[in-house]
Amino acid sequence: MAAVHFSLPLPVLPQGWAGEKDFKSIGQLSSATQRNIEPVGPHFLAHARRKRHQRTFSEDDRIQAQESVKKVEDDDVGEISEPEDPLMLQRDAKDWKGQDHYAVLGLSKHRYKATETQIKRAHRKKVLRHHPDKKAAAGSSEDDSFFKCIQKATEILLDPVKRRQFDSVDEAADVEPPSKKQAQKGNFFKLWNPVFVAEGRFSKTQPVPRLGDDKSKKEEVEEFYNFWYNFDSWRSFEYQDEDVPDDNENRDQKRHVERKNNNARKKKKTEDTTRLRQLVDDCLAGDERIKRFKKEERAGKDKKRLEREAAEKKEKEDAQKAAEEKERLRKETEEASKAEKAEGKKAKEAAKNAMKKNKRVLKSSVKDANYLLPAGQEAGARRVDQVLNDVEAVMAKIDAEEMASLAGKLGGTKLAEEVGKVWSEEVKRLVEAGKVNDGELKVMGT
């Protein structure tokens, strides 16, 4: 490697420095160092290329430009996505409505998904291959009909309105729905999902719900079918209109063609809506998830019904038990009441009998005691009435318990003196209690 030497003079000191007395150098220059330097970069490579091929600057620039153009052409030709159909190359440019614009540009696999950048690149590729000037330079005698097809396809696909009209009738982008036999072989979602993806390109609402899979939730499945049964499509059929004559003198014919086109669009729109509805019906009929959801719903309803019936049965049994318990309590209460009444009646009867007995004892006591007269005296009718009236008066002033106590005292003796004493004590007690007034009794109060 060649050594490079640099010879650089030291900078000149400013004026006045050399004459300053106080100037003192505090450092010194370092010694020279030898280093190896290698040339690099695009400029060196260009220099080496020119030296190697013995070219001037202008010759090298021209050759490099030619090679760059050739490389771009080779890359573009090599990137064409699909082979060109010989029949398509022979198309008449006037029949542009019948051509597949995506196929003309080599975008068949992209179709409505192709971006504007992809369309422009595809157009450039096709132009590089089929430009009339290039064909003429190559000595080809082909006309420029296919080149016009390329230009027309690019014009339509780069215009949003025209492209949407073409996409509306692009049958090549449609996916044929599976038959019932195909869908029953276990490929239901695999077969139906591409169909709805293709149909979803016409939806005004994006994104479009997906069909999902066997694990999709009920809410997701219902959302999918509700979306498609209420599908809002932007699809139109202007692309298939009959050409309106551009003749200002024949206005009636022009209006007739316009009405005819308008009616044809409405008819096709109705037919497309019917077709889509039938497609959704067919998919729904074969969707095992719907059957499973209905079965689960029926099972849930049956469970709720059984629970409701069980609850009603239990409620009925509880009500019956409550009624039986109420009836039992009523009967027990009634029986107890009857027993109580019977017992009360019996007690009253016994009390009544005891009262009668006690009254007989009280009346008999005075009779046995000679109506409270000393022995040897005979009681007259007046005496008997007075004594019995006093007994009746005393009996009226005392209760059953007091009467029973008095009867017990009188029943235990037959002696007139003792009987008289018992009556005297009882009358005295009643007087002290305020139940009998002095002089109220004719005989016993004296």
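In this predicted model, the loop between helix 1 (42-53) and helix 2 (57-78) contains Q54, a residue that is not a glycine and yet has a positive phi of about 55°. Q54 is exposed, with a relative accessible area of 67%. Most residues other than glycine have a negative phi, and most peptide bonds are trans. Against that background, R111 also calls for attention, since its phi is positive at about 50° although R111 is not a glycine. R111 is placed in the loop between helix 4 (101-104) and helix 5, and at 6% relative accessibility this arginine counts as buried.

The peptide bond between Q206 and P207 is cis, with omega at about 0°, and P207 belongs to the loop between helix 10 (188-199) and helix 11 (218-229).

Turning to helix packing, two packed helices are described by the angle between their axes and the distance between the axes. Helix 5 (residues 116-130) packs with helix 7 (residues 145-157) at an angle of about 170°, and their axes are 10 Å apart. Because angles over 145 degrees count as roughly antiparallel, helix 5 is described as roughly antiparallel to helix 7. On the side of helix 5 the contact is made by I119, H123, K126, V127 and H130, while helix 7 contributes F146, F147, I150, Q151, T154 and L157. Sorted by character, the residues of this contact between helix 5 and helix 7 comprise six nonpolar, four polar and one charged.

K126, a residue of helix 5, is among those that make the contact with helix 7. The side chain of K126 is joined to that of E84 by a polar contact of 2.6 Å. How buried or exposed is K126? Its relative accessible area is 1%, so K126 is buried, the limit for that class being under 20%.

As for cysteines, C149 is buried, with a relative accessible area of 1%, and C283 is likewise buried, at 0%. With a disulfide taken as a pair of cysteine sulfur atoms within 2.5 Å, the count comes to zero disulfides.

The accessibility values given for individual residues are collected below.

| Residue | Relative accessible area | Class |
|---|---|---|
| Q54 | 67% | exposed |
| R111 | 6% | buried |
| K126 | 1% | buried |
| C149 | 1% | buried |
| C283 | 0% | buried |

How values were computed: Residues numbered from 1 in each chain as written. Predicted model: local features only at pLDDT ≥ 70, side-chain atom pairs only at ≥ 80, totals over all residues. Heavy atoms only, no water. Axes fitted to C-alpha atoms, helices over the stretch in contact; angles between N-to-C directions. Helix = DSSP H or I, 4+ residues; strand = E, 2+ residues; numbered from the N terminus. Parallel < 35°, antiparallel > 145°, perpendicular 65-115°, else oblique. Contact = heavy atoms within 4.5 Å. Nonpolar A, V, L, I, M, F, W, Y, C, P; charged D, E, K, R; others polar. Buried < 20%, exposed > 50% of the residue type's maximum accessible area, 1.4 Å probe, protein only. Polar contact = N/O pair within 3.5 Å; in protein donor to acceptor, adjacent residues only side chain to side chain.
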